[in-house]
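Me: I've got a model open here and a few labels I'd like to see justified. Can we go through them one at a time?

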Amino acid sequence: MSDSEDEDLPQLSSHALAALQEFYAEQKQHADLGGDGKYNVGIIDENWQLSQFWYSPETALHLAEEAVAAAGEGGRIACVSAPSVYQKLRELHREDFSVYIFEYDHRFAIYGEEFIFYDYNNPVDLPEKIAAHSFDIVIADPPYLSEECLRKTSETIKYLTRGKILLCTGAVMEEEAAKLLGVKMCKFIPKHTRTLGNEFRCYVNYDSGLDREL
């Protein structure tokens, strides 16, 4: 090909090139979401616009083990806006219990029938197959540190649970969480893959192993 012919070829703008690279990156991520690897914590990137911050693998494991112990053998677990706990549960215990992931982000629809679209602005707008008080434990991590978000998420929690609640949110929400859900702060301190600007804590309304952690 001559130089003149090469000059006639269309050239992508920097914006178009960046968009194309982003598309290929997303395609690669989708290709990677196959088999057992799709349950790896962090396999789906955080979306900060949706206030997504994943737990560290150690924290996700600890919370998953706590949920299993609280639910009991054959129990039902609901993960509300807590995808990394769901992923760790599915990575470690495939047949011991049933678990659903309640999420606004449709990327988590890769988990099939266990994915339930959830918008905290519509707290009990849930599919018919999700019956009231049908989960042995609900673990929830409201996406925003606000009274409104916690209040609406609390409606969902109270609708889903048979009794046990494991709430993960900021330390500043302690008083509001106690008022809305009757939960108390645990000794265990959860960690994230990134450093957050607000102190983060766990709260429960039952005798929990998280409260025996110093």
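Reply: Sure. One term before anything else: contact means heavy atoms within 4.5 Å. And keep in mind that this is a predicted model. With that cut-off, of the contacts in the protein between residues at least 6 apart in sequence, 63% join residues at least 24 apart.

Me: What pattern does the protein follow along the sequence?

Reply: Reading along the chain, you get α-α-α-β-α-β-β-β-α-β-α-β-β. That's six helices and seven strands.

Me: Why are H3 and H4 called roughly perpendicular to each other?

Reply: Look at the crossing angle: the axes of H3 (residues 57–71) and H4 (residues 83–92) cross at roughly 70°. Angles from 65 to 115 degrees count as roughly perpendicular, so the label fits H3 and H4. Their axes also come within 8 Å.

Me: Which residues in H3 and H4 meet?

Reply: From H3 it's Pro57, Ala60, Leu61, Leu63, Ala64 and Val68, and from H4 it's Ser84, Val85, Lys88, Leu89 and Leu92. By class, the residues of that contact split into nine nonpolar, one polar and one charged.

Me: What makes H4 largely enclosed by the rest of the structure?

Reply: Buried means under 20% relative accessible area. Eight of the ten residues of H4 are buried, so H4 counts as largely enclosed. The buried ones are Pro83, Ser84, Val85, Tyr86, Gln87, Lys88, Leu89 and Arg90.

Me: Which elements do the buried residues of H4 pack against?

Reply: They pack against H3, plus three strands: E1 (76–80), E2 (98–103) and E4 (135–140).

Me: And how do you know that H5 and H6 are roughly parallel to each other?

Reply: Again, go by the angle. The axes of H5 (residues 147–160) and H6 (residues 174–181) cross at roughly 30°. Angles under 35 degrees count as roughly parallel, and therefore H5 and H6 get that name. As for handedness, H5 passes H6 in a right-handed crossing.

Me: What does H5 bring to its contact with H6, residue by residue?

Reply: H5 brings Glu147, Leu150, Arg151, Ser154, Ile157 and Lys158, which meet Glu176, Ala177, Leu180 and Leu181 in H6. The residues of this contact divide into five nonpolar, one polar and four charged.

Me: Last one, for the protein as a whole: how many of its residues, in percent, count as buried?

Reply: Of the 214 residues, 44% do. The accessible surface is about 11500 Å², with 49% of it belonging to carbon and sulfur atoms.

Methods: Residues are numbered from 1 along each chain as its sequence is written. This is a predicted model: local features need pLDDT of at least 70, side-chain atom pairs count only at pLDDT 80 or more; totals for chains, interfaces and linings use all residues. Side-chain values use heavy atoms; hydrogens and water are left out. Axes are lines fitted to C-alpha atoms, for helices over the stretch in contact, and angles run from 0 to 180 degrees between N-to-C directions. Helices (H or I, at least four residues) and strands (E, at least two) are DSSP runs, numbered from the N terminus. Angles under 35 degrees count as roughly parallel, over 145 as roughly antiparallel, 65 to 115 as roughly perpendicular and the rest as oblique. Ala, Val, Leu, Ile, Met, Phe, Trp, Tyr, Cys and Pro count as nonpolar, Asp, Glu, Lys and Arg as charged, and the others, Gly among them, as polar. Buried means under 20% relative accessible area, exposed over 50%, partly exposed in between (1.4 Å probe, protein chains only). Accessible areas come from the Shrake-Rupley method with a 1.4 Å probe; for residues, only the protein chains shown count as cover. A crossing is left-handed if the near helix is turned anticlockwise from the far one by less than a right angle, and right-handed if clockwise.
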